[in-house]
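Got the viewer open? Here is a short tour, stop by stop, with something to select at each one.

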Amino acid sequence: MGLLGKKKKPEWVRVASVDDFHRSTMVKVGKHEYALYKLDDGFFCTQNSCSHEYSPLSEGIVMGDEVFCEKHGSRFNIKSGRVVNLPATEDIKTFDVKLEGSDIFIFVPPA
Ligand code: FES
């Protein structure tokens with residue numbers, strides 16, 4: 001298989017510091033946007049766009065382990081990506097997060 005056919009593997013990318021935000025923020029890796037959340041038991045990451053109509057979840061309201069999309073009221077479990085409340089019917093993607101000191105890394109496809 002040539003270089004063009006080679007699939008890029010996910011990699012750890014530093015995206016923020018623990019002091020950079022309160023509950024949620026948008027982070028970018030290349031042109032891809034992710035939502036990063038600070039919950040009571042750690043940091044978590046999902047795709048940034050709501051699976052209903054692409055509103056940014058990083059601007060949603062975080063309640064417990066869920067994020068509420070203000071545009072039409074969908075709710076998602078941040079840890080599993082599962083839809084909790086309609087109108088969205090499609091789960092959102094989640095991504096692994098690790099901490100090294102105060103640096104936050106997410107495991108995502110290369111930019
Ligand atoms: S865009 Fe999020 S609920 Fe419609």
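A nonpolar core, as used here, is a set of buried Ala, Val, Leu, Ile, Met, Phe, Trp, Tyr and Cys residues joined through C-beta atoms within 7 Å. Keep in mind that you're looking at a predicted model.

**Stop 1: the core.** Select Val15, Tyr34, Ala35, Leu36, Tyr37, Cys45 and Val67. These residues have the most contacts inside the largest nonpolar core, which has 20 residues. Now colour strands E1 (11–17), E3 (32–39), E4 (42–47) and E11 (103–108): each of them supplies at least two residues of this core. E3 gives the most, with four residues.

**Stop 2: Val67.** Stay with one of those core residues and centre on Val67. Skipping its neighbours within four places in sequence, Val67 is in contact with Tyr37, Leu57, Gly60, Val62, Arg75, Phe76 and Ile78.

**Stop 3: the four-stranded sheet.** Next, bring up strands E5 to E8. They make an open sheet in the order E5-E6-E7-E8, with antiparallel pairing. Its edge strands are E5 (61–63) and E8 (83–85), each pairing on one side only. From one strand to the next, the twist averages 30°. Zoom in on E5 and E6 (residues 66–68): they run antiparallel and are joined by three bridges. For a pair to click on, take Ile61, whose bridge partner in E6 is Phe68.

**Stop 4: Ser24.** Jump to strand E2 (residues 24–29), where you'll find Ser24. Is Ser24 buried or exposed? It has 22 C-beta neighbours inside 10 Å, and the cut-off for buried is 20 or more, so Ser24 counts as buried. Leaving out residues up to four places away in sequence, Ser24 touches Ala35, Leu36, Tyr37, Ser58 and Val62. Try a distance label from Ser24 to Leu57 too: they are 33 residues apart in sequence, with 8.7 Å between their C-alpha atoms.

**Stop 5: the E10–E11 hairpin.** Select E10 (residues 97–100) along with E11; the two pair in the antiparallel sense over four bridges. One of the residues to pick is Val97, whose bridge partner in E11 is Ile106. E10 and E11 form a hairpin with two residues between them, and Gly101 in the turn has a positive phi of about 65°.

**Last stop: the annotated stretch.** Finally, select residues 12–106, where an unreviewed UniProt entry places the feature "domain: Rieske". Over residues 12–106 the chain is 0% helix and 51% strand. Check the two ends of that selection as well: their C-alpha atoms are 5 Å apart.

Key:
Residues are numbered from 1 along each chain as its sequence is written. This is a predicted model: local features need pLDDT of at least 70, side-chain atom pairs count only at pLDDT 80 or more; totals for chains, interfaces and linings use all residues. Two strands pair if DSSP finds at least two bridges between them. Axes are lines fitted to C-alpha atoms, for helices over the stretch in contact, and angles run from 0 to 180 degrees between N-to-C directions. A residue is buried if 20 or more other C-beta atoms lie within 10 Å of its own, exposed if 12 or fewer, and partly exposed in between; C-beta atoms are placed from the backbone. Two residues are in contact if their C-beta atoms, placed from the backbone, lie within 7 Å. UniProt positions are given in the numbering used here, feature names are shortened, and annotations may be inferred rather than shown by experiment.
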